[in-house]
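Good morning. I will take one structure and go through a few parts of it in order. Please have a look at it first.

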Amino acid sequence: MNKNRLLEQRHRIDKRRFNITFTDNNADLIQQSIVQSWHRSDSANIPTERQQAPINATKSEQSYYLKKALGYCQNQLQHITLQSSMVMAVADIGSTIIWTTASKSMQKAAEAVNFIEGGCWGESQVGTNALALSIKTQQSTCVFSNEHYMPSVHEWVCYATPIIEPHTKQVIGVLDLSTTWQNHNNFGIFAAERCASILQSALNECQRHYLYIQGFNEPRVIFNGKILRLTPRQVEILTVLALCPQGMSLDALHQAIYGERKVSQGTLKTEMSQLRDTLTGLLGSRPYRLLMPIDGDFLRVEQSLNAGYLEAAIKLYTGIFFSKTESPFLCTWRTCLEARLSQAIYHSDQVDLLLMHLSNCPDASDAIERLIELMPDNLSIHQHLELSLIHISEPTRLLSI
C-alpha cells in the first residue's frame, strides 16, 4: 500500500483511539472488533509501562497436536517467513505462543517484545493484538500499527487466523504473521490463511488412528475422521478409558461403569470384544487401555482450566457432560469438573464471557450470581437477573420440600 495512505491511517487511528464510540460513523475505517477490544483492554488493568508480553514457561497440554503437526511442516513455514521478511507465530487457544520463526529483519524486534515461545499474548495481558483477537472472534483479523494496545508494537502490522482441527472443526490455536507497518499489504490475511491451511493439512496427517470423544450434549465418538456407531454404554467405556490412560483391570472398569448394579462381567467382556473389532484392534487388555491418540471436548475443558484459560473452557463447555449416564465414575468426574468451572466463574470479571456461558447453559446459577455482583447498581438489571435466578432455583426448592 502507498506509504502516504498508511501514514494517514495511523493519524486517523491516533485521533480516534481515545475518543471513539460504538456508534462511530466511520466504523468501516476502524473495525468494531478493534473498538471492542480497546474497551476490554482499558478494563483489564494492564500496566501502562508494559512493553513486552509476559512469559509462561509452563508447557500447554493443548499444544500437543499442534507441535506434532509443526514437525511435519515447519521447514515449509520457515521458508515462507524468510522469503517475506516477517515473523510467524503459532499459539494455543490461550494465546500463548508455542512456536515461532523469524526473518533476520524481524528477529530482534520479536525478541524485544517477547513475541517468542512462551510469550503470553492474551488480551488481558497485552491488550489489543491480532493473535488474541483472532482467537476471540474465531475469524481472520488484521491489527494495524497503533491499533495495537501496547505502544511497543505500534510499528507492527499483524495478520492472524484461527487454526481449525480437521475432524471436530474446533479452533485449537492461531497462526500469526507480522511485519512492520510500512510493509502492510491487503493480502497479508490471505498469506496467514494459506500458512494455517498448511498446518491444518499436517494435523490431518499426524492424526491417523486418532480417537475423539464428544462428551457434552449428545455424546459421540469420532475415529479416523468418521463417527462410530456405538451404543451409549460403549461410548461410556471409551470415555472412562480416555480418563484413565494408564489402563484399568476388568474389576475396576466394571465398577466404574456399573457400580453396584447387577450386571455380569461377561456383559462387559462382550462390549470390550465388540469395541476391539470396531477400533481395528487398538484396544489393549490386561489392563484394558486405548492404544491410539485420544482427545475429547471434556479433556480440552480440563486442560483449559489447568492452564487458566477460562474463555477457552467456557467456549468448549456447551452442555452437561454425559447427562444421562449412570456410571458412578463419570458422574463423579462430572461433579468435579463442574465444581472447578464454577470456581473459575466466581472469580471471573468478564461479563461477555459469563453471558456466553449462560447462552450455552441457561441453568448456570453461578454465572447469574456472578453477573449480579458485577453489574452496576441498576435496579432493573438486578431485578431481571434475580428473577432469572429464582426461576432457575425454583424446581430444586420445590423438590426439597
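How many of the residues of strand β1 are buried? The strand covers residues 87–92, and 6 of the 6 are buried, so β1 is largely enclosed by the rest of the structure. Before going on, I should say that this is a predicted model.

Back to β1. Both of its faces are covered. On one side the buried residues are V87, A89 and A91, and on the other they are M88, V90 and D92.

Next, the strands that pair with β1. One partner is β2, residues 97–102, which is antiparallel to β1 and joined to it by 5 bridges. Within that pairing, W99 of β2 sits opposite V90. The hairpin made by β1 and β2 has 4 residues between the strands, and S95 in this hairpin has a positive phi near 70°.

Another partner is β5, residues 171–180. β1 and β5 also run antiparallel, with 6 bridges between them. Here V87 has S178 as its bridge partner in β5.

Now to a pair of helices. At what angle do α9 and α10 pack? Helix α9 is residues 250–258, helix α10 is residues 265–278, and the angle is about 95°, with the axes 10 Å apart. An angle from 65 to 115 degrees counts as roughly perpendicular, so α9 is roughly perpendicular to α10.

Which residues meet there? From α9 we have L250, D251, L253, H254 and Y258, and from α10 we have Q265, T267, L268, K269 and M272. By type, the residues of this contact are 5 nonpolar, 3 polar and 2 charged.

One single residue next: E311, in helix α12, residues 310–316. Is E311 buried or exposed? Its relative accessible area is 18%, and buried means under 20%, so E311 counts as buried. Leaving out residues up to four places away in sequence, E311 touches K136, Q350 and L353.

Last, the chain as a whole. The protein chain contains 16 helices and 11 strands. It has 401 residues, and 49% of them count as buried. Among contacts with a separation of 6 or more, 61% are between residues 24 or more positions apart. The accessible surface of the protein chain is about 19800 Å², and carbon and sulfur atoms account for 51% of that.

To return to where we started: β1 has 6 of its 6 residues buried, and β1 pairs with β2 and is bridged to β5. That is the end of my part.

Methods: Residues are numbered from 1 along each chain as its sequence is written. This is a predicted model: local features need pLDDT of at least 70, side-chain atom pairs count only at pLDDT 80 or more; totals for chains, interfaces and linings use all residues. Side-chain values use heavy atoms; hydrogens and water are left out. Buried means under 20% relative accessible area, exposed over 50%, partly exposed in between (1.4 Å probe, protein chains only). Helices (H or I, at least four residues) and strands (E, at least two) are DSSP runs, numbered from the N terminus. Two strands pair if DSSP finds at least two bridges between them. Axes are lines fitted to C-alpha atoms, for helices over the stretch in contact, and angles run from 0 to 180 degrees between N-to-C directions. Angles under 35 degrees count as roughly parallel, over 145 as roughly antiparallel, 65 to 115 as roughly perpendicular and the rest as oblique. Contact means heavy atoms within 4.5 Å. Ala, Val, Leu, Ile, Met, Phe, Trp, Tyr, Cys and Pro count as nonpolar, Asp, Glu, Lys and Arg as charged, and the others, Gly among them, as polar. Accessible areas come from the Shrake-Rupley method with a 1.4 Å probe; for residues, only the protein chains shown count as cover.
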